[in-house]
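Please walk through the model below with attention to one helix, to the packing of nonpolar side chains and to the open space between the atoms.

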Amino acid sequence: MSALSLRGLKKSFGGNAILNGVSLDVEAGEFIALVGPSGCGKSTLLRILAGLDHADSGEIFVSGRDMSPVAAADRNIAMVFQSYALYPHLTAGQNIAVPLAMKRLSRSQRLPLVGSLLPGQKEIRTGIAHDVREMAGLLKIDHLLDRKPGQMSGGQRQRVALARAMVRHPSIFLMDEPLSNLDANLRVHARGEIVELHRRAGVPTLYVTHDQAEALSMADRVAVMIGGNLLQLAAPDVIYNDPAHIEVARFVGQPRINIIPALAENGRVGFEGIRPALLEKVANGPVSLGIRPEFVKLSPSGRSGLAGRIERLEFLGSEVIAHCRLDASGDSVVAKLAPQEARDLIAGMKVGVVLAPEQAMVFGPEGKRLRIAAGARQEPAYV
Amino acid sequence: MNSIPAGRIIRFALLSLGALMILAPYIFMISTAGKTQSDIFTSSLSLIPQRFYFAENFAKAFAKVPMATLLWNGVVVCGLIFFFQVVVAIPCAYAMAKLKFRAAQLMMVLVMLGLLVPIHATALPLYVAFDRMSLLNSYTSLVAPFTISVFAIFMFLQFFRAMPDDLLHAARLDGMSELGIVARVIVPNAWPAVTAFAIFSVVAHWNDLYWPLIVVSKQAYATPPLGLMYFRAAEAGDDYGALMAATLIITLPLVAAFLLAQKRFVEGITMTGLKG
Ligand SMILES: Nc1ncnc2c1ncn2[C@@H]1O[C@H](COP(=O)(O)OP(=O)(O)OP(=O)(O)O)[C@@H](O)[C@H]1O
Ligand SMILES: [Mg+2]
């Protein structure tokens with residue numbers, strides 16, 4: 001039984017479909033990254049899971065239990081918000097204590113003044129204070145407990161928000177871009193910490209981000225959502241090397257994959273010299289050829305490959321990105337080269353662009369991945 | 001750099017003139033409160049009293065007018081009105097700003113309409129109703145008509161709309177009920193709006209003469225402006241020195257309260273975007 005399963009969640013706002021039937025399973029102890037471009041409905045999906053919003057249709061199960069009649073507070077789902085959403089008027093310690101106080105103290109015990117006179121509340125409050133300190137120790141924010149959110153840095157607020165979510169030991173953890181407000185260095189550091197915390201607590205986590213590198217580096221499995229559709233859910237290496245859809249291929253990988261228009265003819269794809277055979281039956285017509293930039297080589301002599309020109313070179317230290325344009329078709333192709341390969345290259349020069357045909361991926365007219373015959377992949381590309 | 005640009009001088013002069021025009025009546029009030037009867041009625045207009053008569057005028061005001069009762073009534077009435085307005089308006093504005101329900105649109109229209117209807121339009125029916133309930137000459141009749149302030153709802157609504165939804169979502173996930181959210185999240189964060197509204201409400205009702213004049217006919221329930229009117233009509237006649245002294249006394253609490261809380265008020269007004 002999955003820790004969390006979604007079945008066909010749909011949601012639209014005023015006629016705009018935001019989620020088009022999202023289904024997803026999070027297994028016990030798993031860390032799933034939900035990644036997609038801004039505005040694709042990630043936060044909306046999390047809100048629906050947490051019970052803060054209602055889906056138009058579809059079902060949510062937590063450990064097999066239907067969540068539709070269960071109120072947000074009783075789902076035992078914790079969430080870290082994009083903006084952290086700390087209570088501005090409470091100190092960090094009080095912020096972390098709120099979920100515990102709401103759960104452990106009775107309605108009358110929570111009242112100001114009167115509540116502090118009721119029997120039994122003192123022990124509960126001591127217990128809460130103890131748990132808050134323990135959580136603060138775990139996240140190394142002991143020294144911040146008396147500060148208000150306005151007096152903390154972004155990274156400190158993020159930790160407090162994390163502590164507030166973790167302190168009640170939820171059965172599911174939702175995080176909505178918790179690192180997007182941090183600077184680049186801190187973000188990489190915090191990534192590691194979140195993964196570490198997850199490993200220790202083992203709470204199944206759905207982690208939302210629009211940063212594909214974050215998703216690939218942190219998650220056990222990555223779910224790619226684009227335009228309200230869940231296009232692929234797989235391990236990071238599968239997402240990168242074997243995308244199921246052209247949008248997935250486009251979204252994952254930096255620099256972006258080269259997409260070159262090509263034609264399908266009688267079961268083969270034709271583009272210049274590349275002619276892989278398709279395993280699936282496809283009507284003759286336009287298809288797309290995808291080749292990752294690291295599988296594009298440039299030949300300065302121009303003796304091999306397709307004739308082209310270098311339009312721009314970007315030096316990134318450990319690698320060089322070359323933006324080229326093919327003479328014949330006018331398509332632009334990006335190559336990712338090691339610095340020593342790029343030593344003789346200058347912007348504006350004519351080069352031969354060598355596309356590794358065995359690494360090409362073919363996508364149908366709707367963007368679905370088309371498999372190509374293994375044999376055809378080995379076929380010599382340039383005649 | 002010892003010549004000041006002409007533009008600046010003109011601007012400064014204009015501003016000073018404007019300030020003087022607005023302040024003139026108050027200055028005159030203070031000056032009159034310190035003059036003797038004969039000094040007031042001389043033909044020459046001077047700001048500085050010929051003989052300082054402040055003490056005598058104030059003594060007269062305190063002796064002839066039940067100042068303590070008036071001020072106490074003012075505090076009770078303004079305090080109760082403000083309290084009920086806030087208690088009613090905050091949950092109402094919260095619901096309209098942040099909850100989705102079918103009547104929200106209709107309520108918005110009603111609030112807008114409410115802003116357009118002045119108390120003068122409903123004064124007569126209200127008077128008749130209070131009379132039938134034998135509630136004339138009571139705090140109830142002074143306070144009740146103002147407990148629901150559409151202006152407060154409108155102002156808080158604007159303020160609450162700007163509060164991040166995620167804060168409320170977090171509160172719901174933490175297990176708070178909607179009333180809990182109002183009490184524990186909205187109210188502690190709404191003080192800038194509440195202080196800004198406090199100025200409008202307290203000033204308006206402290207200075208209000210129209211409504212007390214309608215429902216109150218006994219000194220015991222008179223608010224400060226009404227009390228002054230009785231004083232002028234019955235006792236003082238043309239004793240303007242004492243009258244001005246009394247006026248000064250009832251204006252002072254507001255000025256003092258404002259000066260004491262000035263920082264908060266200004267903060268509140270700038271934070272709610274209410275200026276004017
Ligand atoms: N309450 C709402 N009413 C109307 N439209 C909404 C509402 N909430 C979200 N939307 C729309 O739904 C779409 C998805 O929003 P959502 O916040 O889920 O995006 P997201 O994937 O989280 O983006 P980001 O990465 O920028 O946070 C957006 O186009 C947004 O305009
Ligand atoms: Mg979002």
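Helix α2 of chain A (residues 92-104; helices are DSSP runs of H or I with at least four residues, numbered from the N terminus) has 13 residues that should span 18 Å at 1.5 Å a residue, and its end C-alpha atoms lie 19 Å apart, which agrees; the expected span is 1.5 Å times one less than the number of residues. This is a predicted model, in which local features need pLDDT of at least 70, side-chain atom pairs count only at pLDDT 80 or more, and totals for chains, interfaces and linings use all residues. Residues are numbered from 1 along each chain as its sequence is written, chains are lettered from A and ligands numbered from 1 in the order in which they are written, and side-chain values use heavy atoms, with hydrogens and water left out.

In α2(A), a kink of about 40° lies at A:Val98, shortly before the proline A:Pro99, the bend being the angle between axes fitted to the seven residues ending at a residue and the seven starting there. Of the 13 residues of this helix, 10 are buried (under 20% relative accessible area with a 1.4 Å probe, protein chains only), and these buried residues pack against α3 (121-138) and α4 (154-166) of chain A.

The largest nonpolar core holds 70 residues; such a core is a set of buried Ala, Val, Leu, Ile, Met, Phe, Trp, Tyr and Cys residues joined through side-chain atoms within 4.5 Å. Its largest share, 8 residues, comes from helix α4 (residues 67-98) of chain B. A second, separate core of 49 residues includes A:Leu144 and A:Ile194.

Technical notes:
Buried means under 20% relative accessible area, exposed over 50%, partly exposed in between (1.4 Å probe, protein chains only). Helices (H or I, at least four residues) and strands (E, at least two) are DSSP runs, numbered from the N terminus. Contact means heavy atoms within 4.5 Å.
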